[in-house]
Amino acid sequence: MLGTLVSTVLPYWRTSAHIGPNIVTAVTNMKGLWMECVYQSTGTFQCETYNSMLALPSDLQASRALMVVSVVFSVLAIAISTVGMQCTICMEGSAAKGRVAGTGGGLFLTAGFLALIPVSWTTHEVVQTFYQANLHSSLKYELGECLYVGLAAALLSMLGGGLLCFSCCEKADGGRRGGRRHGGGYPYPAPGMGVATGRARTSSQTYRNPTLQMGVNAATKAATLARSHTSTTTQSSTPAQGAKKDQRRNPAVGYDVTGYV
């Protein structure tokens with residue numbers, strides 16, 4: 001943005017060429033988008049703005065408009081990109097933060113492209129005019145410093161905007177290009193996931209505690225021995241029924257862990 005602004009304001013778009021009989025360097029003429037300046041070897045620097053805007057050539061009018069729009073787009077891109085950056089707290093936690101940063105990158109791309117058009121156009125015109133053989137050397141100009149600054153600013157703006165848009169697209173893609181993504185809590189479901197999502201968690205796997213199973217088996221064997229050693233059927237059937245009821249009522253025999261293996 002600063003490079004585009006400097007190249008728009010300063011008059012160093014075309015400088016007088018000291019070639020052939022025009023080798024006197026005491027006076028240097030410079031032309032820009034808004035004014036024409038003369039620099040003398042004594043240190044005097046005089047500028048005169050263009051009196052009429054409509055009387056200017058069409059290419060100069062178009063260059064003015066494009067550079068001004070490029071500066072405006074650059075300022076808007078800085079403001080919008082600052083809001084969408086991850087290092088700022090603006091819109092923190094919002095899903096639209098990445099899209100805002102992508103919009104700022106798009107504005108940077110547009111601003112760089114708009115600044116590149118008049119800079120390239122003027123460069124081509126200066127080069128073509130310089131190599132015209134039937135044109136007097138006093139009317140020939142060379143490339144000014146603003147053309148180099150404007151070209152560098154346009155390229156940097158387009159590069160920065162492209163990188164910003166690409167990074168936002170990668171963030172919106174969610175990293176699916178790098179590999180397969182799994183659900184939350186992979187490989188185990190997060191606690192309370194079934195309640196939060198409203199879906200019932202089902203599983204056919206049942207975990208049985210070996211320690212408790214050994215205790216139940218021992219109780220069953222003791223009940224069997226008791227039945228074989230008792231003499232009456234009423235006394236032997238009662239402990240067996242109690243043991244069976246205890247086995248069925250024991251909640252630690254087996255319980256569903258809903259997939260936690």
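Read along the sequence, the protein follows the pattern α-β-β-β-β-α-α-β-α-α-α-α, and that string corresponds to seven helices and five strands. I should say at the outset that what we have here is a predicted model, and I will ask you to keep that in mind for each distance and angle that I quote. As for the chain as a whole, it has 261 residues, of which buried residues make up 25%.

Let me turn to the strands. They form an open sheet of five, in the order S4-S3-S2-S1-S5, and the pairing is antiparallel. At the edges of this sheet are S4 and strand S5, which covers 141-143, and each of these two pairs on one side only. If we ignore direction, neighbouring strands of the sheet are turned against each other by 25° on average.

Within that sheet I would like to walk through S2, S3 and S4 in some detail. Strand S2, residues 27-31, pairs with S3 in the antiparallel sense over five bridges, and the two form a hairpin with three residues between them. Strand S3, residues 35-40, then pairs with strand S4, residues 45-49, again in the antiparallel sense and over five bridges. S3 and S4 likewise form a hairpin, in this case with four residues between them, and in its turn Gly-43 has a positive phi of about 100°.

A convenient residue for following the register is Tyr-39, since on one side it is the bridge partner in S3 of Thr-28, while on the other side its own bridge partner in S4 is Phe-45. Elsewhere in the register, Cys-37 stands opposite Cys-47 in S4.

Staying with that second hairpin, which residue lies in the loop between S3 and S4? One of them is Thr-42, and because its relative accessible area is 64%, above the 50% cut-off, we class Thr-42 as exposed. The side chain of Thr-42 nevertheless makes a polar contact with the side chain of Thr-44, at 3.4 Å. Looking back along the chain, Thr-42 and Val-27 are 15 residues apart, and their C-alpha atoms are separated by 9.2 Å.

Now for a contrasting loop position, namely Trp-13, which lies between helix H1, residues 2-9, and strand S1, residues 14-16. Is Trp-13 buried or exposed? With a relative accessibility of 2%, Trp-13 falls under the 20% limit and therefore counts as buried. Its C-alpha atom is separated by 5.0 Å from that of Gly-32, although Trp-13 and Gly-32 are 19 residues apart along the chain.

Gly-32 brings me to the largest pocket, because I want to look at its lining next. Fifteen is the number to remember here: the pocket is lined by 15 residues, and those that lie nearest its centre are Arg-14, Gly-32, Tyr-50, Asp-59 and Leu-60. The elements that give two or more residues to this lining are helix H2, covering 58-84, and helix H3, covering 97-130. For those thinking about its chemistry, the lining has, by class, seven nonpolar, three polar and five charged residues, and the volume of the pocket is about 260 Å³.

The last residue I want to show is Lys-97, which lies in helix H3. With a relative accessible area of 7%, which is under the 20% limit, Lys-97 is buried, and so it is reasonable to ask what surrounds its side chain. Which backbone oxygens lie 2.8 Å and 2.9 Å from a polar atom of the side chain of Lys-97? At 2.8 Å we find the backbone oxygen of Val-83, and at 2.9 Å the backbone oxygen of Met-85.

Note on methods: Residues are numbered from 1 along each chain as its sequence is written. This is a predicted model: local features need pLDDT of at least 70, side-chain atom pairs count only at pLDDT 80 or more; totals for chains, interfaces and linings use all residues. Side-chain values use heavy atoms; hydrogens and water are left out. Two strands pair if DSSP finds at least two bridges between them. Buried means under 20% relative accessible area, exposed over 50%, partly exposed in between (1.4 Å probe, protein chains only). A polar contact is a pair of N or O atoms within 3.5 Å; within protein, one must be able to donate a hydrogen and the other to accept it, and residues adjacent in sequence count only if both atoms are side-chain atoms. On a 1 Å grid over the protein atoms alone, a cavity is a set of points where a 1.4 Å probe fits but cannot get out, and a pocket is an open set with protein on both sides within 12 Å along at least five of seven lines; lining residues have an atom within 4 Å of a point. Grid points are joined across faces, edges and corners, and a volume is the space filled by probe spheres set on the points. Ala, Val, Leu, Ile, Met, Phe, Trp, Tyr, Cys and Pro count as nonpolar, Asp, Glu, Lys and Arg as charged, and the others, Gly among them, as polar. Axes are lines fitted to C-alpha atoms, for helices over the stretch in contact, and angles run from 0 to 180 degrees between N-to-C directions.
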